[in-house]
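The following note is addressed to a colleague who is meeting this structure for the first time. It proceeds point by point and may be read alongside the sequence and the model.

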Amino acid sequence: MIDIIIPAYNAHSTMGRTLASIAKQINRDMLKVYIINDGSEKKYDYIIDNFSSLLDITEIEITNSGPGKARQVGIDSSKNEFIVFMDADDTLYDDNSILNLL
């Protein structure tokens, strides 16, 4: 399996697009997504609910500490062999992007 770590601070307007690009991956059953909520004003649960039937997503809340700390929290939470970092406004190029990284 592959863990995708996404640090997010008030990225509600772009997170849906990011998760949609992950959900299109042909190997999405191998993916675990960690959204590290870095002190955002509100949770991402309503966005996560839209993708919960397609992706295994966990939101971890921390006090605002910056993207470096959020990535480290994601690393510490990871249980799989491979880690991919994405920003909350990133999208994957095509349906094979993660598979090509492997």
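1. In what follows, contact means that heavy atoms lie within 4.5 Å. The model under discussion is predicted. With that meaning of contact, the cover over the buried residues of helix α3 includes β1, β2 (31–38) and β3 (56–62).

2. The residues of helix α3 concerned, which spans residues 67–77, are A70, V73, G74 and S77. These buried residues lie on the same side of α3, because they cover an arc of only 100 degrees around the axis. As general background, an α-helix has 3.6 residues a turn, so residues three or four places apart point the same way.

3. Strand β1 deserves separate attention. Of its 7 residues, 7 are buried, so β1 is largely enclosed by the rest of the structure. Cover is found on both faces of the strand: I2, I4, I6 and A8 are buried on one side, and D3, I5 and P7 are buried on the other.

4. The partner of β1 to be noted here is β2. The two strands pair in the parallel sense, over 7 bridges. Within this pairing, D3 stands opposite K32 in β2.

5. K32 appears in two further arrangements. Its charged end sits over the ring of Y34, 5.0 Å from the centre of that ring. K32 also forms a salt bridge with D56, in which the closest N and O atoms are 3.1 Å apart. This salt bridge links distant parts of the chain, since D56 belongs to strand β3 and K32 to strand β2, with their positions 24 residues apart.

6. Are the two partners of this salt bridge buried or exposed? K32 counts as buried because its relative accessibility is 10%, and the cut-off for a buried residue is under 20%. D56, by contrast, is partly exposed, with a relative accessible area of 39%.

7. How many salt bridges does the structure hold? The count is 3. Another of them joins K43 to E61, with the closest N and O atoms 3.6 Å apart. This pair too links distant parts of the chain: K43 is in the loop between β2 and α2 (45–51), E61 is in strand β3, and they are 18 residues apart. K43 counts as partly exposed, at 41% relative accessibility.

8. A further salt bridge is formed by D87 and R71, whose closest N and O atoms are 2.9 Å apart. D87 lies in the loop between β4 (82–85) and α4 (97–101), whereas R71 lies in helix α3; the two are 16 residues apart, and the pair links distant parts of the chain. Both count as partly exposed: D87 has a relative accessibility of 32%, and R71 has one of 25%.

9. The backbone at N10 should also be examined. This residue has a positive phi of about 50 degrees although it is not a glycine. N10 is located in the loop between β1 (2–8) and α1 (12–23). It counts as partly exposed, at 29% relative accessibility.

10. A last point concerns aromatic rings. Where the rule requires ring centres to lie within 6.5 Å, the count comes to 0 aromatic pairs. The ring of Y34 nevertheless has the charged end of K32 over it.

How values were computed
Residues numbered from 1 in each chain as written. Predicted model: local features only at pLDDT ≥ 70, side-chain atom pairs only at ≥ 80, totals over all residues. Heavy atoms only, no water. Helix = DSSP H or I, 4+ residues; strand = E, 2+ residues; numbered from the N terminus. Buried < 20%, exposed > 50% of the residue type's maximum accessible area, 1.4 Å probe, protein only. Phe/Tyr/Trp six-rings, centres within 6.5 Å; stacked < 30°, edge-to-face > 60°. Lys NZ or Arg CZ within 6 Å of the ring centre and 35° of its normal. Arc of directions from axis to C-beta. Salt bridge = Lys/Arg side-chain N within 4 Å of Asp/Glu carboxyl O. Pairing = 2+ DSSP bridges.
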